[in-house]
Amino acid sequence: MTDTPGGVSRESASEELCVELAEGLRLDVKKHLIDRGMSVLGMRGSGKSYTCGVLAEELARIGQPFVIIDLMGEYYTLRERFPVLIASLGEQEYADIRGLRPEHARELAHKIVELGLSVVLDLARATMAEKLAFLADFLEAFYGAEEEHRRPCVLIVDEAHRIAPERGLPKLDVIAEAQKKAAYWFYEVAATGRHHGIGFVVAVRRPAEISKAILTQAEVKIIHKLVDPTDLKRLFEEGLPRELADFVRALEPGEAIVLGLGEPRTVKIKQRLCSHGGGTPLVKPAETPDLLEAIRALARALGLEAGVSEVGLPEEAPPPAPERAPEPIPAPVQAPEERPSEVLAEVPAVELDVREFDYPAEVVADYHARLLIYRAMDELMPTPAHRYQALSFLLPSEEALSKLALGLAREGWGPRSARAGGRGVTMAIHEARGLRVGMVASKAEGRVVLTLVVSAPELRALERALKELEELVISMAPGAECMRR
Ligand SMILES: Nc1ncnc2c1ncn2[C@@H]1O[C@H](COP(=O)(O)OP(=O)(O)OP(=O)(O)O)[C@@H](O)[C@H]1O
Ligand SMILES: [Mg+2]
């Protein structure tokens, strides 16, 4: 492996229109993202979404508009630092524009291009049929609007294999139709969008799963860890030297090999400025005047009510993320839609493994919330209507944890031990009320940090459950302090 001979950074032309994803990995927006296109590949947990998040932050930093197609609800945290509009299909409480339906897709696409907005298009709350129907119209209109306005915009599509799979499983007619149309416009954007100024970035788990016609449009490739022989074979065809196969299999999260920019080389994608993923507790609203104006204009155009995301710029910049994350999250997991509900196996006795971390309790609580939301999503969210919220406590000792399980059982919950992301957790379900809770505990700063992620079929039920669980923890663990909701 060589280190940038003919190098990535040397290819970059203009300073202002470059994004930096890693030390020495600078990409020119026009030359690399618009003219050539980029793919981010890698197995579950290898760092694809993180890399897309870094890219979005960099684009926001240089003022280059972008649209992220976010199937999992992972990118709203960009608002912690940047004036990015969050629009959601269905009701997503943190979105600025929520309640979108497929019939809004065209108008939304036109307005985004006309106003030069950067947008997270959050589709996590919709069914697959709705997502695809929306995207089909959105991509067609986006392509048309770019053709008309020629205002460069980078389209980032995470989980792109779900929109344009190479070979799909048999589907209901309504899904198959919508997917055909979405994949058609997706291909059109990838293949010819550059003529209208559309930059194209796709993140995909398995190169063998996404439409070959689309993947081959992306000349720059950021390859995170991959182990599947079929995927590696596919990449050999696309220029990955065979002798690097073992290297790709052994990459750590965030590490990658870059192809399509001179000689292959390794990089470590830099740290994000905003938090990563969907589990971070919400912070204060942003007050970015232009963005607020854009939200109102967009809401007017779409005939929807304008809200303002609860996610926004904190009053003070958050402290940088720790050098080494308190995880590891070793086991690759499937996305919620694919994951069977086996993630959490039933065992008779409730046990929590309480590991020790040398991090502030706040950081550990954040990690807990993300672990539970991301890794146990299908258990916690049995229906798309379910709402969730994290709740963290500082407990004086571990003993309280087993008492808490007993207390839950007494109150009609069915607690059981489970695993998520390599950690022992407790899941408890209150069948009668449709409530769910996931719990994980760790030691930090000499005390036990306990985090609960509670979900309920609607907001009022969630509020009530949170209050009850807070009281239960405090009664079972005298001296417990509630850190935050
Ligand atoms: N560049 C990085 N720096 C630090 N940590 C990282 C980096 N990339 C990934 N990680 C860690 O790896 C975890 C998984 O990354 P990410 O969510 O991006 O995986 P993914 O490839 O998108 O997985 P999936 O296919 O399940 O969506 C992150 O939560 C983060 O802790
Ligand atoms: Mg991801």
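These are legends for several close-up views of one predicted model.

**Figure 1. The whole protein chain, as a starting point.** Before zooming in, here's the overall picture. The protein chain has 485 residues, and 51% of them count as buried. Its secondary structure adds up to 14 helices and 19 strands. Take the contacts between residues at least 6 apart in sequence: 76% of these join residues at least 24 apart.

**Figure 2. How sure the predictor is along the protein chain.** The mean pLDDT is 81, with 83% of the residues at 70 or more. Residues 1-15 are one stretch to treat with care: pLDDT is below 50 there, though the model still gives this stretch 33 contacts beyond near neighbours in sequence. Residues 278-289 are another, with pLDDT under 50 and 39 contacts beyond four places in sequence.

**Figure 3. The surroundings of ligand 1.** Which residues come nearest to ligand 1? Out of the 17 residues around it, they are G47, S49, Y50, P253 and G254. Sorted by class, the shell around ligand 1 is made of nine polar, four charged and four nonpolar residues.

**Figure 4. Helix 4 meets helix 5.** Here we look at residues 105-115 (helix 4) and residues 128-149 (helix 5), whose axes come within 8 Å and cross at roughly 35 degrees. The crossing is right-handed. On the helix 4 side, the contact is made by A105, R106, L108, A109, H110, V113 and E114. Helix 5 brings F134, D137, F138, A141, F142, A145, E146 and H149. By class, that contact has nine nonpolar residues, along with four charged and two polar ones. Now look at helix 4 by itself: A105, L108, A109, K111, I112 and V113 are its buried residues. Just after helix 4 comes G116, with a positive phi near 65 degrees.

**Figure 5. P102, in the loop before helix 4.** Step back along the chain and you'll find P102 in the loop that links strand 6 (97-100) to helix 4. P102 has 19 C-beta neighbours inside 10 Å, so it counts as partly exposed. Setting aside residues within four places in sequence, P102 is in contact with E130, A133, F134 and D137. The C-alpha atoms of P102 and L135 are 7.9 Å apart, with their positions 33 residues apart in sequence.

**Figure 6. R36 and its contacts from elsewhere in the chain.** R36 sits in the loop between helix 2 (29-34) and strand 3 (38-41). Is R36 buried or partly exposed? It is partly exposed, because 19 other C-beta atoms lie within 10 Å, while 20 or more would be needed to call a residue buried. Not counting residues up to four places away in sequence, R36 touches K31, E219, V220 and G260. F200 is 164 residues away from R36 in sequence, yet their C-alpha atoms are 8.0 Å apart.

**Figure 7. R265, a buried arginine in strand 12.** Strand 12 covers residues 265-268 and includes R265. R265 is counted as buried because it has 20 C-beta neighbours inside 10 Å. Look for L25 too: it is 240 residues from R265 in sequence, but 9.7 Å from it in space, C-alpha to C-alpha.

**Figure 8. Two glutamates with positive phi.** Most residues other than glycine have a negative phi. E159 has a positive one, about 55 degrees. You'll find E159 in the loop between strand 8 (153-157) and helix 6 (173-192). With 21 C-beta neighbours inside 10 Å, E159 counts as buried. The phi of E445 is positive as well, near 50 degrees. E445 belongs to the loop between strand 17 (435-444) and strand 18 (447-456). It has 14 other C-beta atoms within 10 Å, so E445 is partly exposed.

**Figure 9. V449 in strand 18.** Move on to strand 18 itself and pick out V449. Why does V449 count as buried? Because it has 26 C-beta neighbours inside 10 Å. Leaving out neighbours within four places in sequence, V449 is in contact with A361, V364, A365, H368, S392, L394, A441, S442 and A444. From V449 to L395 is 6.3 Å between C-alpha atoms, although the two are 54 residues apart along the chain.

Technical notes: Residues numbered from 1 in each chain as written. Chains lettered and ligands numbered in written order. Predicted model: local features only at pLDDT ≥ 70, side-chain atom pairs only at ≥ 80, totals over all residues. Near = placed C-beta within 6 Å. Nonpolar A, V, L, I, M, F, W, Y, C, P; charged D, E, K, R; others polar. Axes fitted to C-alpha atoms, helices over the stretch in contact; angles between N-to-C directions. Helix = DSSP H or I, 4+ residues; strand = E, 2+ residues; numbered from the N terminus. Left-handed = near helix turned anticlockwise from the far one by under 90°. Contact = placed C-beta atoms within 7 Å. Buried ≥ 20, exposed ≤ 12 C-beta atoms within 10 Å, placed from the backbone. pLDDT = per-residue confidence, 0-100.
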